[in-house]
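Reader: I have a model open on my screen and would like to go through it piece by piece. Can we start with the sheets and then turn to the side chains?

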Amino acid sequence: MNKLVKTVSCTGMAVILAAAGLSGCGNTLDGTKTAATVGEEKITAGTVNMMLRFTQAQMDSYYAMFGGSISGLWSQEGEDGKTYAESTKDDVKEQIHDMVLLEQHAPDYDVSVSEEEHKKITEAAKQFMEDNDPETITKLAVTQADIEKILELYTYQSKMFDPMTADVDTNVEDKEAQQSKITYCRISTAATTDEDGNSQELTEEEKAAKKEQAQKLIDQLNAQEDPAAADMDALAKEIDENLGAYTNTFGANEENEESSLDENLVAAAKELKDGQVASQVIEGEDAYFVVRMDSTFDEESTQSKKDEIVSERKQEAYNDLLEQWGEETEIKVVNSVWKKMELTDMDNYTFKQSEEQ
């Protein structure tokens, strides 16, 4: 699994939770027990459970936003044979492992939590304890110290990415990132659906008519005083109001680049010079294309690609360090405690707004 950098502010993490269906859970969790260790560092069950319930509430909020429900989700099995509950607990375990590793290696980069940051963490944790009712706090098995620990871990996480990736090479050659920009018209030759829902392939005559439209557009473009500046979209609509033109970019020097563009369209475009319109109709997958090369070297999209490459390099360097540290210092769970933290439909957590908000 890729480790994506996630930053959560102190006030953002110390949210208010509402617990529902509390009577459904049979296990009583002692939050002071050690649930896991990373090297010599002990992680309390309260800390783990709080992070697990935060994730659970996020899932509930996500599904609710789209009008869905997480009912029955936790018992579903994935392709790996694990239930969604098991996979989610594994993800939280990995998250905690990474965060503790970042904290442990922070001195290597002269990273620390300032006195002012500690003060804000304490205030946020105290507010969390005050804003949640006693029943929820009991169910979470969490203390103010657990909340402070979580917020401290998030603070280290937010600070470590930049120093960990400071030595990454940020120089990207133009050739590696070069992007070309094209304008094209797509005339579909895909099968249509009749009133009864049946698929109907286009006849050869219908395809020929589509190709004629494409050729007409090429002719009209080349008839313009300046084909490079011609409004392809307007010209296409003169031929058929349902047609239009689109602008897109692709990697000029990448042979196997993943792209949403038709490969025949890209291949033909690569043969063109700036402002040049392809002289022939391009036959692609389920479509005919007309294409113009706007710029073989598009500065804006090339710079965006350079930024993307640097970002990928940094993320890879960050992930590699975490993987290395994780191999050197593993996380070990206390099974008797860990198994008590269950994800079920009978024990739900959701976010609620503070009365002051």
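Reader: At about what angle to strand 4 does helix 9 run?

Author: This is a predicted model. In it, helix 9 covers residues 232–239. The helix lies across strand 4, strand 7 and strand 9. Its angle to strand 4 is about 10°.

Reader: What is the strand order in the open sheet of four strands?

Author: The pairing in this sheet is antiparallel. Its four strands come in the order 7-4-9-8.

Reader: Which strands stand at the edges there?

Author: An edge strand here has a single partner strand, so one side of it is left without a neighbour in the sheet. That applies to two strands, 245–251 and 282–284. From one strand to the next, the twist averages 45°. The edges are strand 7 and strand 8.

Reader: Over how many bridges do strand 4 and strand 9 pair?

Author: Strand 4 spans residues 179–188, and strand 9 spans residues 287–295. They pair in the antiparallel sense. Thr-183 and Arg-292 of strand 9 stand opposite each other. The number of bridges between the two strands is eight.

Reader: Which strands are the edge strands in the open sheet of three strands?

Author: The order in this sheet is 3-2-10, with antiparallel pairing. An edge strand pairs on one side only. The twist averages 25° from one strand to the next. The edge strands are strand 3 (41–44) and strand 10 (331–333).

Reader: What is the bridge partner of Thr-37 in strand 10?

Author: Strand 2 covers residues 34–38 and runs antiparallel to strand 10. Three bridges join these two strands. For Thr-37, the bridge partner in strand 10 is Lys-332.

Reader: Which helix packs on that sheet?

Author: The helix touches strand 2 and strand 3. Its direction makes about 55° with that of strand 3. It is helix 2.

Reader: Which residues form a nonpolar patch on the surface?

Author: Together the patch residues have about 400 Å² of accessible area. One of them, Phe-66, sits in the loop between helix 2 (45–65) and helix 3 (84–105). Phe-66 has a relative accessible area of 60%, so it counts as exposed. The patch is made of Tyr-62, Met-65 and Phe-66.

Reader: On to charges. How many salt bridges does a search of the whole structure find?

Author: Side chains of opposite charge can pair when their charged atoms come close. One of the pairs here is Lys-82 with Asp-90, at 2.6 Å from N to O. The search of the whole structure finds eleven.

Reader: Are Lys-82 and Asp-90 buried, exposed or partly exposed?

Author: The partly exposed class lies between 20% and 50% relative accessible area. Lys-82 has 36%. Asp-90 has 26%. Both values fall in that range, so each residue is partly exposed.

Reader: How many residues apart in sequence are the parts that Glu-103 and Lys-149 tie together?

Author: The two side chains form a salt bridge, with the closest N and O atoms 2.9 Å apart. Glu-103 is buried, at 14% relative accessible area. It lies in helix 3, while Lys-149 lies in helix 6 (residues 144–164), so the pair ties together parts 46 residues apart.

Reader: Which residue is linked with Glu-103 and Lys-149 in a network of salt bridges?

Author: The network includes Glu-103 and Lys-149. The residue linked with them is Glu-41.

Reader: By about how much of a helical turn are Lys-237 and Asp-233 separated?

Author: Their side chains meet in a salt bridge at 3.2 Å, N to O. Lys-237 is partly exposed at 39%, and Asp-233 is partly exposed at 27%. They are four residues apart in helix 9, so the separation is about one helical turn.

Reader: Is Asp-110, with its positive phi, buried or exposed?

Author: Most residues other than glycine have a negative phi. Asp-110 has a phi near 55°. It lies in the loop between helix 3 and helix 4 (115–131). Its relative accessible area is 76%, so it is exposed.

Reader: And Ala-141, buried or exposed?

Author: Ala-141 also has a positive phi, about 55°, although it is not a glycine. It lies in the loop between helix 5 (134–140) and helix 6. Its relative accessibility is 10%, so Ala-141 is buried.

Key. Residues are numbered from 1 along each chain as its sequence is written. This is a predicted model: local features need pLDDT of at least 70, side-chain atom pairs count only at pLDDT 80 or more; totals for chains, interfaces and linings use all residues. Side-chain values use heavy atoms; hydrogens and water are left out. Patches are made of residues with over 30% relative accessible area and no salt bridge: like charges are joined within 9 Å, nonpolar side chains (Val, Leu, Ile, Met, Phe, Trp, Tyr) within 5 Å. Accessible areas come from the Shrake-Rupley method with a 1.4 Å probe; for residues, only the protein chains shown count as cover. A salt bridge is a side-chain nitrogen of Lys or Arg within 4 Å of a carboxyl oxygen of Asp or Glu. Buried means under 20% relative accessible area, exposed over 50%, partly exposed in between (1.4 Å probe, protein chains only). Two strands pair if DSSP finds at least two bridges between them. Axes are lines fitted to C-alpha atoms, for helices over the stretch in contact, and angles run from 0 to 180 degrees between N-to-C directions. Contact means heavy atoms within 4.5 Å.
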